[in-house]
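Trainee: Could you walk me through reading a sheet, a domain split and a cavity in a model?
Mentor: Sure, let's look at one together.

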Amino acid sequence: MTPGADTTLPHTRFEMEQRTISPEFVTSTIRVLTSHESIRSFEATPIAEEVLEAILVSSRSAPTSSNLQAYSIVVVENVERRARLAHLVGDQRYVAEAPVMLIFCADISRLHYLAQRQGHTYAANNLEMFLTASLDASLALQNALVAAESLGLGAVPIGSVRNEPNLIAEELGLPQGVVAIAGLTIGYPREGARRGSKPRLPSDSVVHREQYSADDIEQHVRDYDAVMIANGLYAGRQVATGAPTIPDAEYGWAEHTARRTSKPETLAGPSAALRDHLKDDVESRGFTIR
Ligand SMILES: Cc1cc2nc3c(=O)[nH]c(=O)nc-3n(C[C@H](O)[C@H](O)[C@H](O)COP(=O)(O)O)c2cc1C
């Protein structure tokens, strides 16, 4: 696939959910957003420097709390480093396969530097600062993802950089006050890598008008489960919690998600038991969670 090929994107969520919307409201941006799917199989084709630059400038154009810009992006292209990162994130092979991984970090090191430079005492030692920096990093990631997809590339966020924050910091040379929040693996999708956008919960389940309502939660879960069981997304992927294996025809989003939240190690994936210590890890990187 070549850059600039967003007309080749698969059908949008409007079509998938059989929503009628006037074509003039399906802008090229909305088309990209509503045909998103995470890609996990890539060609070795490199990403041209100019294409990468377009993605990075888009990423840096994201909004940022109080213009603090409390984030940094580490661009990893080196093949050996990508292989080591793939291992550190729980042996996710596509991280090694794709030509580029961007690591989005919460970064308060510059803010410490500024406080000292300007003769002030840095006192933003609280959860709010960590959340602010993490949101900045997350928005930058999402902008990069959308930019990449609009150029015909595929991408998948990699939250598993939080499995081993200190080892990731060592690999990337991150100073104190910088912690990896999530990665974004980017490349040209291999033939057959696209399976179509993943169904989402019914709109009314997550979009509330004026006031929150969970009145129809049971119906929403049933409807979504039926869709997810029918498309076989979780078939053969039952989360091992000690609970009995059940027929695939009964194992949908509800059971899968409930199992994933039943133990810290199943939330983050089997190789990520350490995320149970994330608070300590994040604090050891120079952030305060209180
Ligand atoms: C913050 C974040 C972290 C993620 N981490 C991973 C990851 O480590 N590995 C992976 O394969 N997918 C990861 N994903 C992708 C999700 O699994 C995916 O977005 C979700 O299943 C919905 O599928 P879709 O993106 O194709 O719509 C992550 C997504 C987000 C938003």
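Here is how the conversation went.

Mentor: Keep in mind that this is a predicted model.

Trainee: Into which domains is the chain divided?

Mentor: The division gives domain 1, residues 13–195, and domain 2, residues 203–266. Their C-alpha centres lie 27 Å apart.

Trainee: On to the sheet, then. What is the strand order in the open sheet of four strands?

Mentor: Generally, strands of a sheet pair through backbone hydrogen bonds, either parallel or antiparallel. Here the order reads E1-E2-E4-E3, and the pairing is antiparallel. E1 (71–76) and E3 (154–158) are the edge strands; each has a single partner strand, so one side of each has no neighbour in the sheet. From one strand to the next, the twist averages 20°.

Trainee: How many bridges join E1 to E2?

Mentor: Six, with E1 and E2 (residues 100–107) running antiparallel. To pick out a bridge by eye, find Val75, whose partner in E2 is Leu102.

Trainee: Which helix lies across E1 and E2?

Mentor: That's H4, residues 79–88, and it runs at about 65° to E2.

Trainee: Now the empty space. How many cavities of 30 Å³ or more are there?

Mentor: The general idea is that rolling a probe the size of a water molecule over the atoms shows where empty space is left. In this model, the count is two cavities of 30 Å³ or more. The second largest has a volume of about 40 Å³.

Trainee: What lines the second largest cavity?

Mentor: Its lining includes Ile108, Tyr122, Met129, Phe130 and Phe287, along with Asn125, Asn126 and Thr288. By type, the lining residues split into six nonpolar, four polar and no charged.

How values were computed: Residues numbered from 1 in each chain as written. Predicted model: local features only at pLDDT ≥ 70, side-chain atom pairs only at ≥ 80, totals over all residues. Heavy atoms only, no water. 1 Å grid on protein atoms, 1.4 Å probe; cavity = no way out; pocket = protein on both sides within 12 Å on 5 of 7 lines; lining within 4 Å. Points joined across faces, edges and corners; volume = space filled by probe spheres on them. Nonpolar A, V, L, I, M, F, W, Y, C, P; charged D, E, K, R; others polar. Pairing = 2+ DSSP bridges. Helix = DSSP H or I, 4+ residues; strand = E, 2+ residues; numbered from the N terminus. Axes fitted to C-alpha atoms, helices over the stretch in contact; angles between N-to-C directions. Contact = heavy atoms within 4.5 Å. Domains from an automatic or database assignment.
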